[in-house]
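Please look over the chain shown below. This report takes the fold as a whole, then the core, then a few single residues.

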Amino acid sequence: MSNRTKSTPQAREPSETPRRAADRIRDTAFDLFYREGIRAIGVEEIVNRAGVTKPSLYRAFESKDELIAQYLRDYDRRFRDNFAAQGAGHPDDPKAQLLAYVDYLAARASTDGYRGCGLTNAVIEYPDPAHPAHQVGVESKEALRERLRELCRGMGAPDAEELADGLLLLIEGSYVSGQTFGGRSPARVLGAMARRLIEASLAAR
């Protein structure tokens, strides 16, 4: 009986400890990669900050490239959830949904210390189309482009694809200019510019 009692925690530990280590690694990598840049952060710093061993990292992720790809998949999921959350109060109004996000971004990208979009940053850091970071970043941007097209079609824009691309240029410009200018960023006028572009497009019907 006593032998059985002792064996129970030993049977659980191997499956639980790697899971907890993987979660700490993902959270730590997410924070460091976003704030400092992906190339600037090595595996050693990640495991030290996460309080895990290097073998723990490689048990959870085959390589740093796989950890990078996971970071970007996590970032993409958070982005999509946030985009949807901003417009959740306007379920039947595509225009209001879109403007809710650009108004949020205008404020967010006009704060000191803003680091832009992690996915945009990754595509710039890794220009090789074969690199996992580049691939995940581009896939996310293609999905955003299609989402903007859906919203523009929902508004009744006569050329939804053109309007969507114009809005995407404004959004991506805000990600970058926010990092350059901080609190003085031109991103602060994103909402006003998006409204002008939308109204000009709708007026052409």
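What share of the residues in the chain is buried? Of the 205 residues, 42% are buried. The model is a predicted one.

**Overall fold**

The chain is helical. Its secondary structure amounts to nine helices and zero strands. Read from the N terminus, the elements follow the order α-α-α-α-α-α-α-α-α.

The radius of gyration is 21 Å, whereas a compact globule of 205 residues would have one near 17 Å. Along the principal axes, the C-alpha atoms occupy a box of roughly 80 × 40 × 35 Å.

Many contacts bridge sequence-distant parts. Take the contacts between residues at least 6 apart in sequence: 64% of them join residues at least 24 apart.

**Surface and charge**

The accessible surface of the chain is about 11200 Å². Carbon and sulfur atoms account for 51% of that surface. The chain carries 30 positive and 30 negative charges. The mean positions of these two sets lie 6 Å apart.

**The nonpolar core**

The largest nonpolar core holds 56 residues. Phe-33, Ile-46 and Leu-98 have the most contacts inside this core. Two or more core residues come from each of α1 (2-36), α2 (43-50), α4 (64-86), α5 (94-108), α6 (118-125), α7 (132-155), α8 (160-181) and α9 (190-203). The top contributor is α4, which gives eight residues.

Which residues does Ile-46 touch, beyond those up to four places away in sequence? The partners of Ile-46 are Ile-25, Thr-28, Ala-29, Leu-32, Phe-33, Ile-41, Leu-57 and Leu-67. Phe-33, another of the residues with the most contacts inside the core, is thus one of the residues that Ile-46 touches.

**Two residues of α7**

Ala-133 sits in helix α7. Ala-133 counts as buried because its relative accessible area is 0%, and buried means under 20%. Leaving aside neighbours within four places in sequence, Ala-133 contacts Ile-68, Leu-72, Ala-122 and Tyr-126.

Met-155 also lies in helix α7. Its relative accessibility is 10%, so Met-155 is buried too. Beyond residues up to four places away in sequence, Met-155 touches Pro-94, Lys-95, Leu-98, Ile-198, Leu-202 and Arg-205. Among them is Leu-98, one of the residues with the most contacts inside the core.

**Lys-95 and Gly-51**

Lys-95 belongs to helix α5. Is Lys-95 buried, partly exposed or exposed? Lys-95 is partly exposed, because its relative accessible area of 25% falls between the 20% and 50% cut-offs. Outside its neighbours within four places in sequence, Lys-95 has contacts with Met-155, Ile-198 and Glu-199. Ile-198 is in contact with Lys-95 and is touched by Met-155 as well.

Gly-51 has a place in the loop between α2 and α3 (54-60). Gly-51 is exposed, because its relative accessible area is 58% and exposed means over 50%.

**C-alpha separations**

The table pairs separation along the chain with distance in space.

| Residue pair | Separation along the chain | C-alpha distance |
|---|---|---|
| Ala-133 and Leu-119 | 14 residues | 8.3 Å |
| Met-155 and Tyr-75 | 80 residues | 28 Å |
| Lys-95 and Cys-152 | 57 residues | 7.5 Å |
| Gly-51 and Ser-63 | 12 residues | 18 Å |

Two rows deserve a second look. Lys-95 and Cys-152 are 57 residues apart along the chain, yet their C-alpha atoms are separated by 7.5 Å. Gly-51 and Ser-63 are 12 residues apart along the chain, and their C-alpha atoms are separated by 18 Å.

Terms used:
Residues numbered from 1 in each chain as written. Predicted model: local features only at pLDDT ≥ 70, side-chain atom pairs only at ≥ 80, totals over all residues. Heavy atoms only, no water. Helix = DSSP H or I, 4+ residues; strand = E, 2+ residues; numbered from the N terminus. Rg over C-alpha atoms; globule rule 2.2 N^0.38 Å. Buried < 20%, exposed > 50% of the residue type's maximum accessible area, 1.4 Å probe, protein only. Contact = heavy atoms within 4.5 Å. Areas by Shrake-Rupley, 256 points an atom, 1.4 Å probe, with all protein chains shown as cover. Lys, Arg positive; Asp, Glu negative; His and termini not counted. Charge placed at Lys NZ, Arg CZ, Asp CG, Glu CD. Core = buried A, V, L, I, M, F, W, Y, C linked by side-chain atoms within 4.5 Å.
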